[in-house]
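Thanks for coming. I will go through one structure today, piece by piece, and put a few questions along the way.

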Amino acid sequence: MPDRSVANWLFPRLPGGDVKMYKRKEIECMVRRAGFRSVRYRKISPFSFQCVARK
């Protein structure tokens, strides 16, 4: 798996668009600041997971 900083530099330059890899803590912080609570994570693959939260 590529280093997050390398991936975040490379992804916006690819034809796929504006993409960023966030740390789990960063996502949790954004979700909580948006007013959500009871955050749960489920690993989908080595490169992705699902985040479920309640407002």
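In which helix is the place of Leu 10? Leu 10 sits in helix α1, which covers residues 4-10. Before going further, please note that this is a predicted model.

So how much confidence did the predictor report? The mean pLDDT of the chain is 82, and 95% of the residues reach 70 or more. Within the chain, confidence is lowest in α1, with a mean of 78, and highest in α2, at 89. Keep that in mind for helix α1, where confidence is lowest.

Back to Leu 10. Leu 10 is partly exposed, since its relative accessible area is 36%, and partly exposed covers values between 20% and 50%. Which residues form a nonpolar patch on the surface with Leu 10? The other members are Trp 9 and Leu 14. Together the three have about 300 Å² of accessible area.

Another residue in helix α1 is Arg 4. Its relative accessible area is 32%, so Arg 4 is also partly exposed. Arg 4 and Lys 20 are 16 residues apart along the chain, and their C-alpha atoms are separated by 8.6 Å.

Next, helix α2, which covers residues 24-33. How many salt bridges are counted? The count is one. That salt bridge is made by the side chains of Glu 28 and Arg 32, at 3.6 Å from N to O. Why is this pair worth a look along the helix? Glu 28 and Arg 32 are four residues apart in α2, and therefore separated by about one helical turn. Are these two residues buried or partly exposed? Glu 28 is partly exposed, because its relative accessibility is 26%. Arg 32 is partly exposed too, because its relative accessible area is 41%.

Now the strands. How many bridges join strand β1 to strand β2? There are six. Strand β1 takes in residues 37-45 and strand β2 residues 48-54, and the two run antiparallel. You can follow the pairing residue by residue. Lys 43 has Phe 49 in β2 as its bridge partner, and Arg 42 has Gln 50 in β2. Further pairs of residues can be described by their C-alpha distances. Cys 51 and Tyr 41 are 10 residues apart along the chain, with C-alpha atoms separated by 4.6 Å. Ala 53, which is in strand β2, lies 15 residues from Ser 38 in sequence and 5.4 Å from Ser 38 in space, C-alpha to C-alpha. Ala 53 has a relative accessible area of 25%, so it counts as partly exposed.

What joins β1 to β2? A hairpin does, through two residues. Pro 46 is found in the loop between these strands. Is Pro 46 buried or exposed? Pro 46 is exposed, because its relative accessible area is 60% and exposed means over 50%. From Pro 46 to Val 6 is 40 residues along the chain, and the C-alpha atoms of the two are separated by 18 Å.

Last topic: the cysteines. A disulfide is a covalent bond between the sulfur atoms of two cysteines. How many disulfides does a search of the whole structure find? The search finds zero. Why is there no bond at Cys 29? The closest cysteine sulfur to that of Cys 29 is in Cys 51, 12 Å away, so the two are too far apart for a bond. The cut-off for a disulfide is 2.5 Å between the sulfur atoms. Seen from the other end, the answer for Cys 51 is that the closest cysteine sulfur is in Cys 29, also at 12 Å, and too far for a bond. Cys 51 is in strand β2. With a relative accessible area of 30%, Cys 51 is partly exposed, and Cys 29, at 42% relative accessibility, is partly exposed as well.

To go back over the main items: the patch of Trp 9, Leu 10 and Leu 14 is on the surface, Glu 28 and Arg 32 meet in a salt bridge, and β1 and β2 are joined by six bridges. That is all from me.

Methods
Residues are numbered from 1 along each chain as its sequence is written. This is a predicted model: local features need pLDDT of at least 70, side-chain atom pairs count only at pLDDT 80 or more; totals for chains, interfaces and linings use all residues. Side-chain values use heavy atoms; hydrogens and water are left out. Patches are made of residues with over 30% relative accessible area and no salt bridge: like charges are joined within 9 Å, nonpolar side chains (Val, Leu, Ile, Met, Phe, Trp, Tyr) within 5 Å. Accessible areas come from the Shrake-Rupley method with a 1.4 Å probe; for residues, only the protein chains shown count as cover. A salt bridge is a side-chain nitrogen of Lys or Arg within 4 Å of a carboxyl oxygen of Asp or Glu. Buried means under 20% relative accessible area, exposed over 50%, partly exposed in between (1.4 Å probe, protein chains only). Two strands pair if DSSP finds at least two bridges between them. pLDDT is the predictor's confidence in each residue, from 0 to 100.
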